[in-house]
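Work through the exercises below with the sequence and the model in view. Each task is followed by a solution in steps.

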Amino acid sequence: MLTAFGSLYYLPTVSAEISPLAEVLNRLTTQYNPNPLPRWSLDHRLFRGTPNPSASNQNSLAGNEKPNPASARYLQVLNLSHHPGQSYVAITSTTGLSQTRAETPTSSTTGSETSGEPATVIAIPAGAQSEEFIQLLTSKFGPLWQLRQNLTLTNGYAFEVGEVNVRAGEIKQGYGGTQLVRGVVVEVECRDGQQQHDREYNENKIRSFWEELNIKGARECSQVSRVDELFVSVRQWCDILRIRA
């Protein structure tokens, strides 16, 4: 079950020659003595619901040519190698109920809870059944759901650092040789043995760890208390990976 407490950080790639991943790994290995964990990977598909024709006509009459992203419906399919055997499908009509902070150059953070209903999440068997579901979306339900992006992370790094586990890797968009590095994602997660502590303790532990790394320019996605429940980690991942809406 995906119920561990953690935060995700997204660092966009500034140029094709420079990746934030090198900085993250350098800080981890020089400031700590981390124990390596097995490599990991992820696969993420983002579908956006096609606008209702009547709603599109009303927007045109009102002079609003572009649809409002906040009112869009999204369907996301997520696979995480460190949670094998299942694919997670999240459907939402508005921005999720995670807390997103945009980090400033001085490392202070500002954040506000987004509005909207939390995504509905279900788990289906990974592998053939998951691929069949995606094929069904793109073929039979193509008029309803448009594939907006396909993101992958392969051979990601993972470490045990004190009371937390850290995973980091490059997010790539596209297929085969045409993949484009979009950024780096870092997950800082309290290990299961620390779940006996309250939420405030875990949150402070993660925040202090990230501040000690002193990595600037990250967008943070952390859970909020009223969705501290099953699949909260899936909602966090879907929020942070929705790069192209």
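**Exercise 1.** In this predicted model, find which residue takes a positive phi in the hairpin of E4 and E5, and how many residues lie between the strands.

Solution. Step one: the hairpin of E4 and E5 has 5 residues between the strands. Step two: in this hairpin, Gly 85 takes a positive phi near 90°.

**Exercise 2.** State how strands E4 and E5 run and how many bridges join them.

Solution. Start with strand E4, residues 74–80, which runs antiparallel to E5. The two are joined by 5 bridges. For one pair of partners, take Val 77: its bridge partner in E5 is Val 89.

**Exercise 3.** Name the sense in which E5 and E8 pair, and explain why strand E5 is largely enclosed.

Solution. Strand E8 covers residues 120–125 and pairs with E5 in the antiparallel sense, over 6 bridges. Gln 86 has Pro 125 of E8 as its bridge partner. For the second part, E5 spans residues 86–92, and 5 of its 7 residues are buried. The strand is therefore largely enclosed by the rest of the structure.

**Exercise 4.** Describe how helices H1 and H4 are placed relative to each other, and say which residues make the contact.

Solution. Two packed helices are described by the angle between their axes and the distance between the axes. Here the axes of H1 (residues 20–31) and H4 (residues 199–213) come within 10 Å and cross at roughly 100°. An angle of 65 to 115 degrees counts as roughly perpendicular, so H1 and H4 are roughly perpendicular to each other. From H1, the contact is made by Arg 27, Leu 28 and Gln 31; from H4, by Phe 209, Glu 212 and Leu 213. By type, the residues of this contact divide into 3 nonpolar, 1 polar and 2 charged.

**Exercise 5.** Explain why Cys 238 has no bond to Cys 221, and give the count of disulfides.

Solution. The closest cysteine sulfur to that of Cys 238 belongs to Cys 221. The distance is 9.7 Å, which is too far for a bond, because a disulfide needs sulfur atoms within 2.5 Å. The count comes to 0 disulfides. As for exposure, Cys 238 is buried, with a relative accessible area of 3%. Cys 190 is buried too, with a value of 1%.

**Exercise 6.** How many helices and strands does the protein chain have, and what share of its residues is buried?

Solution. The protein chain has 5 helices and 12 strands. Of its 245 residues, 43% count as buried. Lastly, take the contacts between residues at least 6 apart in sequence: 73% of these join residues at least 24 apart.

Definitions and conventions:
Residues are numbered from 1 along each chain as its sequence is written. This is a predicted model: local features need pLDDT of at least 70, side-chain atom pairs count only at pLDDT 80 or more; totals for chains, interfaces and linings use all residues. Side-chain values use heavy atoms; hydrogens and water are left out. Buried means under 20% relative accessible area, exposed over 50%, partly exposed in between (1.4 Å probe, protein chains only). Helices (H or I, at least four residues) and strands (E, at least two) are DSSP runs, numbered from the N terminus. Two strands pair if DSSP finds at least two bridges between them. Axes are lines fitted to C-alpha atoms, for helices over the stretch in contact, and angles run from 0 to 180 degrees between N-to-C directions. Angles under 35 degrees count as roughly parallel, over 145 as roughly antiparallel, 65 to 115 as roughly perpendicular and the rest as oblique. Contact means heavy atoms within 4.5 Å. Ala, Val, Leu, Ile, Met, Phe, Trp, Tyr, Cys and Pro count as nonpolar, Asp, Glu, Lys and Arg as charged, and the others, Gly among them, as polar.
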